[in-house]
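Visitor: I'm new to this structure and would like a close look at one part of it. Could you take me to the place where helices pack together, and then show me what else is worth a stop along the way?

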Amino acid sequence: MIDVLDTIKQAYDKSTTQVDKIILNGKEYRISNVEYYDDTYLDGNIFGTAIGKNIDFEIENTIDLEGQEIEYLTGITTNGTIHWISLGKFIIQDVQSNNTTNISKVTATDYMLKTNIPYVSDLDYESGRVTLLNVLQEVCTKSGLTLATTSFTNSTFIVDSNQFTEETLNRQVIQAVAQVSGTVAKIRKNQLYLINPNTITTASKVFTLNSYKEAEIKRATHPINLVSLGMADIEGENITLRDETSITKNGENSLVINDNPFAYTQTKREQLITALFNAVKGFEYKSYSFKNCQGLPYLETLDKIQFKDKEGNTYDSFIFRFNNKSPNGLESTIEAPSITKATVAYQNVPSALDIAKRTEIKVDIHNQKITEVIQSIDEQSSKILEVEKTVDGVTTRVESVESQVTDITTTQAT
């Protein structure tokens with residue numbers, strides 16, 4: 001939630017006059033017919049999304065806005081005074097000018113737009129010291145963003161190779177990090193935040209539904225009690241953790257993440273899943289939709305809220321999507337759609353024997369290298385056969401339990 005005075009919150013509850021403006025190169029310009037969109041929900045889920053905020057507005061077409069960066073402020077008038085709230089900086093994407101009306105219709109997106117550039121890394125992945133946090137920090141730096149969240153689930157996980165293709169955008173790397181950290185990526189205060197709604201405990205707003213004519217209370221989502229990391233097209237490659245007590249009570253309610261570039265081997269999925277499971281376990285909320293209601297621009301997506309129904313029952317929920325209109329504030333929408341339950345074939349967590357006998361193929365697209373690892377461990381012995389294939393040849397490494405290593409470099413053409 002944006003920090004504003006209680007008197008401002010009370011003013012919005014009374015639905016007084018709203019106004020809007022932008023700041024461009026230090027100058028202020030009034031705008032009208034504003035629609036402000038913010039969303040966290042995509043393809044049936046919120047975890048692992050990285051969606052930018054958007055605004056549409058109208059302005060006199062005497063102002064050159066093509067490709068410009070602006071700050072958007074919305075205000076409310078109380079006792080003859082306008083109180084302004086900054087909703088951040090936006091980058092102009094489209095300007096449609098009408099020479100007859102002398103009005104331009106403008107579309108702009110927040111700083112998440114900066115991440116729509118190809119992912120190019122200078123990190124030394126093979127050093128064994130690059131962490132998930134390092135990856136995210138580099139992405140932000142190269143996107144011209146400040147990373148506000150430096151502590152998150154699995155942030156210290158070691159990333160030993162670049163698994164992203166040349167077509168990958170920085171935004172997709174951010175999404176991959178958000179997936180394995182159980183977070184949602186959002187721009188707040190013009191910085192990148194990774195937010196885990198499961199850790200938010202304080203409600204930013206209590207809604208009384210008697211004040212809303214079009215308030216639809218939907219089903220309560222059941223707590224997440226099953227998390228799976230796997231490969232969509234490879235059977236048996238899922239690592240799954242379950243909260244059996246919750247499953248007995250509520251049935252299976254899954255968060256399934258497939259084909260994450262940081263979880264491309266079984267070993268890595270094992271390393272990532274416990275912390276991820278603990279981060280999202282038990283997450284639940286009441287889904288709802290408030291339509292044709294007063295917009296409350298000081299609220300932000302992922303804010304926790306409460307609402308009371310006509311019988312006086314209180315429910316916990318979140319803001320996952322809203323559409324604020326100004327000056328027509330009473331046509332706004334605030335809602336939290338239901339998370340769609342993932343349906344996957346049940347997979348047992350591999351036994352110790354399954355873990356001990358494994359063949360893995362690591363494809364390092366960035367460095368044009370394929371590594372095949374065959375590992376066998378029992379009570380008496382341990383042996384690892386590693387075959388590395390590059391454009392220059394094939395290297396075979398055999399390691400026994402005594403840690404005696406034999407390197408054999410062949411001259412086979414590849």
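Guide: Here is a walk that starts with the helices and then moves out to a strand and some loops.

Keep in mind that this is a predicted model. For a bit of setting, the protein has 414 residues, and 47% of them count as buried. It contains six helices and 23 strands. Of the contacts with a separation of 6 or more, 64% are between residues 24 or more positions apart.

Now to the helices. Find H2, residues 132-143, and H3, residues 170-181: their axes come within 10 Å and cross at roughly 150°. Angles over 145 degrees count as roughly antiparallel, so that is what H2 and H3 are to each other. The crossing of H2 past H3 is left-handed. On the H2 side, the contact is made by Leu132, Val135, Leu136, Val139, Lys142 and Ser143, while H3 brings in Asn170, Val173, Ile174, Val177 and Val180. Sort the residues of this H2–H3 contact by character and you get eight nonpolar, two polar and one charged. As a general point, nonpolar side chains in soluble globular proteins tend to be buried together.

Let's zoom in on one residue of that contact. Val139 sits in helix H2. Is Val139 buried or exposed? Its relative accessible area is 1%, and buried means under 20%, so Val139 is buried. Setting aside residues up to four places away in sequence, Val139 touches Tyr119, Asn170, Val173 and Ile174. Look also at Arg171: along the sequence, Val139 and Arg171 are 32 residues apart, yet from C-alpha to C-alpha the distance is 8.4 Å.

H3 has another partner to show you. Helix H5 covers residues 266-280, and the axes of H3 and H5 come within 8 Å, crossing at roughly 75°. Angles from 65 to 115 degrees count as roughly perpendicular, so H3 and H5 are roughly perpendicular to each other. Here the contact is made by Gln179, Val180 and Ser181 from H3, together with Leu272, Leu276 and Ala279 from H5. In this H3–H5 contact, four residues are nonpolar, two are polar and none is charged. Did you spot Val180? It is listed in the contact of H2 with H3, and it turns up in the contact of H3 with H5.

From the helices, let's step over to the nonpolar core. The largest one has 93 residues, and those with the most contacts inside it are Phe57, Leu65, Ile70, Leu192, Phe262, Phe283 and Ile334. Take Leu65 as a sample: leaving out residues up to four places away in sequence, it touches Ile22, Leu24, Phe57, Ile59, Ile70, Ile92, Val95 and Val106. Phe57 and Ile70, then, are partners of Leu65, and both are also on that list of residues with the most contacts.

Next stop, strand S4, which runs over residues 69-78 and is home to Thr74. Thr74 is buried, with a relative accessible area of 1%. Not counting neighbours within four places in sequence, its contacts are Tyr12, Val19, Asp20, His83, Trp84, Ile85, Leu87, Pro297 and Ser326. Thr74 and Ile22 are 52 residues apart in sequence, but their C-alpha atoms are 8.6 Å apart in space.

One of those contacts, Ser326, has something of its own to show: a cis peptide bond joins it to Pro327, with omega about 15°. You'll find Pro327 in the loop between strand S17 (321-326) and strand S18 (332-336).

A few loop residues round off the tour. Asn79 lies in the loop between S4 and strand S5 (81-98). Its phi is near 55°, a positive value in a residue other than glycine. With a relative accessible area of 83%, Asn79 is exposed. Asp259 also has a positive phi, about 65°, although it is not a glycine. Its loop is the one between strand S13 (254-258) and H5, and at 40% relative accessible area Asp259 is partly exposed.

Finally, back towards where we began: Gly128 is in the loop between strand S6 (103-110) and H2. Gly128 counts as partly exposed, at 38% relative accessibility. Gly128 and Ser161 are 33 residues apart along the chain, and 8.9 Å separates their C-alpha atoms.

Terms used. Residues numbered from 1 in each chain as written. Predicted model: local features only at pLDDT ≥ 70, side-chain atom pairs only at ≥ 80, totals over all residues. Heavy atoms only, no water. Core = buried A, V, L, I, M, F, W, Y, C linked by side-chain atoms within 4.5 Å. Buried < 20%, exposed > 50% of the residue type's maximum accessible area, 1.4 Å probe, protein only. Contact = heavy atoms within 4.5 Å. Axes fitted to C-alpha atoms, helices over the stretch in contact; angles between N-to-C directions. Helix = DSSP H or I, 4+ residues; strand = E, 2+ residues; numbered from the N terminus. Parallel < 35°, antiparallel > 145°, perpendicular 65-115°, else oblique. Left-handed = near helix turned anticlockwise from the far one by under 90°. Nonpolar A, V, L, I, M, F, W, Y, C, P; charged D, E, K, R; others polar.
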